Amino acid sequence: MASRNPSPSAAGAAGLRPQFQRLAVLGVGLLGGSFALAAKRAALAREVVGYSKSPSTIKAAIAAGVIDRGADSALQASTGADLVVLAVPVAAIGPLLRQIRLGLGDSALLMDVGSTKADVAEAARDALGKAALQFVPCHPIAGSERSGVQHAQTTLFDGRRVIVTPLEDNPSRFVDAATQVWEALGGVVSVMSPSEHDAAFAAVSHLPHLLAFAYVYAVARQPRGPGFLQLAGPGFRDFTRIAGSDPTMWRDVFQANSAEVLQQLQMFKQALAGFEAQLRQGNWNVLESLVRQASQARQDWASPSPADDAS
Ligand code: NAP
């Protein structure tokens, strides 16, 4: 178990003794690999053990120095670990928690990094029973459209917001320890409920991804689409970067947060209908006014850091 009162800033400083004996990372992809690298930089654990679905991923993670050793199963990786991080697509979190439940020590801290939170909180309660009090759901607002351990970065969480959404029965020592872990990794923690998280991220992450996928689909499938795409420039690149994201991860996100995403989609369709009506009716001044309001809102939005490309 993490020491209860480490200084979050000191925890990341070089030369300090690790707070954890063993960090187990389940799902050694972009997020899991970056967590492992950042944990190593912060000397957070004496040993980093990884488990991932594909043996080739484990091999690559060892070869790149992301993890110290691999495990043959999630249970093997997490048995004896005092910090367990699940970095798999959100629908895989419940089944993985069931697999590791019997090996968990009663002071081990469990966290995830999934992009949705109400479903993960429910899956943790179902899978872990009483041990769910050790599981603190988290979502680092850091990442990119690239997947896989080959894209893992030590600095991925530096200066990035991390949303922590405690379960009602999480003792504060587990929530505090989770907060200290993220701060040691360079993150800036905000705490909110899982449902507040899902409503907000439906608006600012899940809907934009849905729109980017649908837009690229619409252009690519029209007969002249391939030719049009060859002419596309920076505007297209900026608007569609996230349409290159991992399909499995996004299927899971849309499924897990479908009610909130549908609500945001309704609001978007109303706005789009308004823009379309001005276009059809030739109300160019009204259309300009709508564009002006959107442009101003975008300029007023203060980006937390230069690379706002997280999910
Ligand atoms: P990723 O690069 O594809 O990594 C996921 C890893 O999990 C892969 O290495 C994958 O398989 C492994 N995996 C999948 N199912 C598994 C299972 N049942 N058991 C064990 N390992 C399994 O994806 P990611 O971007 O890191 O996303 C991971 C999580 O972070 C997701 O929940 C996502 O919602 C969340 N997230 C992503 C971003 C982002 O921008 N990408 C941002 C914030 C949060 P292999 O072993 O086959 O390689």
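## Exercises: two domains and a ligand

In this predicted model, 15 residues of domain 1 touch 15 residues of domain 2. Let's work through that interface, then turn to the ligand.

**Exercise 1.** Find how the chain is divided and how much area the two domains bury between them.

*Solution.* Start with the bounds: domain 1 covers 20-191 and domain 2 covers 197-299. Next, take the centres over C-alpha atoms; they are 31 Å apart. Now turn to the area. The size of an interface is often given as the accessible area lost when the parts come together. For domain 1 and domain 2 the buried area is about 1100 Å², with 64% of it coming from carbon and sulfur atoms. Finally, look at who contributes on one side: S115, T116 and E145 supply 43% of the area that domain 1 buries against domain 2, more than any other three residues.

**Exercise 2.** Determine which residues form the salt bridge between E145 and its partner, and check the distance against the cut-off.

*Solution.* First, the count between domain 1 and domain 2 is 1 salt bridge. E145 pairs with R241, and their closest N and O atoms are 2.7 Å apart. The cut-off for a salt bridge is within 4 Å, so the pair qualifies. Then add the polar contacts: 6 residue pairs are counted between the two domains. To finish, sort the side of domain 1 that touches domain 2 by class: 7 nonpolar, 5 polar and 3 charged residues.

**Exercise 3.** Describe how the protein surrounds the ligand, naming the backbone contacts to ligand oxygen atoms.

*Solution.* Begin with the neighbours: there are 27 residues around the ligand, and S52, S54, T57, V88 and S115 come nearest. Then go through the backbone N or O atoms that approach a ligand oxygen atom:

- V88, at 2.6 Å
- G148, at 2.7 Å
- K53, at 3.0 Å

Last, consider coverage: the ligand on its own has 890 Å² of accessible area, and the protein covers 89% of that.

Methods:
Residues numbered from 1 in each chain as written. Predicted model: local features only at pLDDT ≥ 70, side-chain atom pairs only at ≥ 80, totals over all residues. Heavy atoms only, no water. Domains from an automatic or database assignment. Contact = heavy atoms within 4.5 Å. Buried area = accessible area lost by both parts, 1.4 Å probe. Salt bridge = Lys/Arg side-chain N within 4 Å of Asp/Glu carboxyl O. Polar contact = N/O pair within 3.5 Å; in protein donor to acceptor, adjacent residues only side chain to side chain. Nonpolar A, V, L, I, M, F, W, Y, C, P; charged D, E, K, R; others polar. Near = heavy atom within 4 Å. Areas by Shrake-Rupley, 256 points an atom, 1.4 Å probe, with all protein chains shown as cover.
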